[in-house]
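Visitor: Please walk me through this model, one question at a time. I'd like the numbers along with the names.

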Amino acid sequence: MGGVNKVILLGNVGTEPEVRHLDNGRSVANLSLATNRVYKNQAGERVENTDWHKLVFWSPLATIVEKYVKKGSRLYVEGRITTRSYLDKDENRRYITEIEVREMQMIDKRTETNQEEEQDFNQKTEGNSTPIQKDQSEKGQAEEEEDDLPF
């Protein structure tokens, strides 16, 4: 039976993504993600700790990161912890622990551009509601009116 290696993080991007396009057509993106932990110490003072995580995204996620993610973006990621080693210029062995991201969700607030696009869409589709949508909304209102229970 195998083990489980799963990481879930929600945090803010601390560096601009570095994206490399490899000879085999794949892309890889690297960035750092900050997660914060807030607690009160024994003296009752508020303490905030920040942990930094190195994230690695392989294509097709790397392409999405390249287009849409920037420093300050808020991300929810799922992946696995990987550790690799290398020899530095002085022949000392160095270790790097990274999160290889398998799933990502952008949590950023809607930008003005997104709001403008949504307004344009709503204006274009205004008056195109289907009878089913009207029936459902009327049904919901009727159910609310009938629901006069004392609890």
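Visitor: Which residue does the side chain of Glu-48 meet in a salt bridge?
Guide: Keep in mind that this is a predicted model: local features need pLDDT of at least 70, side-chain atom pairs count only at pLDDT 80 or more, and totals for chains, interfaces and linings use all residues. Residues are numbered from 1 along each chain as its sequence is written, and side-chain values use heavy atoms, with hydrogens and water left out. A salt bridge here is a side-chain nitrogen of Lys or Arg within 4 Å of a carboxyl oxygen of Asp or Glu. For this pair the N to O distance is 3.8 Å, and the residue that Glu-48 meets is Arg-46.

Visitor: Is Arg-46 buried or exposed?
Guide: The cut-offs are on relative accessible area: buried is under 20%, exposed is over 50%, and partly exposed is in between (1.4 Å probe, protein chains only). Glu-48 has 43%, so that partner is partly exposed. Arg-46 has 62%, so Arg-46 is exposed.

Visitor: How many residues apart are Lys-6 and Glu-78?
Guide: The side chains of Lys-6 and Glu-78 meet in a salt bridge at 3.3 Å, N to O. The pair links distant parts of the chain, with Lys-6 in the segment before β1 and Glu-78 in strand β5. Strands are DSSP runs of E with at least two residues, helices are runs of H or I with at least four, and both are numbered from the N terminus. Along the chain, the separation of Lys-6 and Glu-78 is 72 residues.

Visitor: What relative accessibility does Glu-78 have?
Guide: Its partner Lys-6 sits at 54%, so Lys-6 counts as exposed. Glu-78 counts as buried because its relative accessibility is 13%.

Visitor: Which residue forms a salt bridge with Asp-88?
Guide: Asp-88 counts as buried because its relative accessibility is 15%. The partner counts as partly exposed, at 41%. The closest N and O atoms are 3.1 Å apart, and the partner is Arg-94.

Visitor: How many salt bridges are there by this rule?
Guide: Some of them share partners, and these join Arg-80, Glu-100 and Arg-102 into one network. By the same 4 Å rule, the count is six.

Visitor: Which strand pairs with β1 over six bridges?
Guide: Two strands pair if DSSP finds at least two bridges between them. β1 and β3 pair in the antiparallel sense over two bridges, with Asn-12 opposite Ala-34 in β3. On the six-bridge side the sense is also antiparallel, and Gly-11 has Leu-75 as its bridge partner there. The strand asked for, covering residues 74-87, is β5.

Visitor: Which residue in the turn between β2 and β3 has a positive phi?
Guide: β2 (residues 18-21) and β3 pair in the antiparallel sense over four bridges, and the bridge partner of Val-19 in β3 is Ala-29. The two strands form a hairpin with five residues between them. The phi in question is about 95°, and the residue is Gly-25.

Visitor: What is the relative accessible area of Ser-32?
Guide: Ser-32 is in strand β3. A contact means heavy atoms within 4.5 Å, and leaving out residues up to four places away in sequence, Ser-32 touches Asn-12, Val-13, Gly-14, Thr-15, Trp-52 and His-53. Ser-32 is buried because its relative accessible area is 13%.

Visitor: Which residues of helix α1 are exposed on the face turned away from its buried side?
Guide: The buried residues of α1 (residues 61-68) are Leu-61, Ala-62 and Val-65. They lie on the same side of α1 because they cover an arc of only 100°, taken from the directions from the helix axis to the C-beta atoms. Their cover includes β3, β4 and β6. Turned away from that side are Lys-67 and Tyr-68.

Visitor: How much accessible area does the nonpolar patch of Ile-64, Tyr-68 and Met-106 have together?
Guide: Patches take residues with over 30% relative accessible area and no salt bridge, joining like charges within 9 Å and nonpolar side chains (Val, Leu, Ile, Met, Phe, Trp, Tyr) within 5 Å. Met-106, found in strand β6, counts as partly exposed because its relative accessibility is 32%. Areas come from the Shrake-Rupley method with a 1.4 Å probe, and for residues only the protein chains shown count as cover. For Ile-64, Tyr-68 and Met-106 together, the accessible area is about 270 Å².
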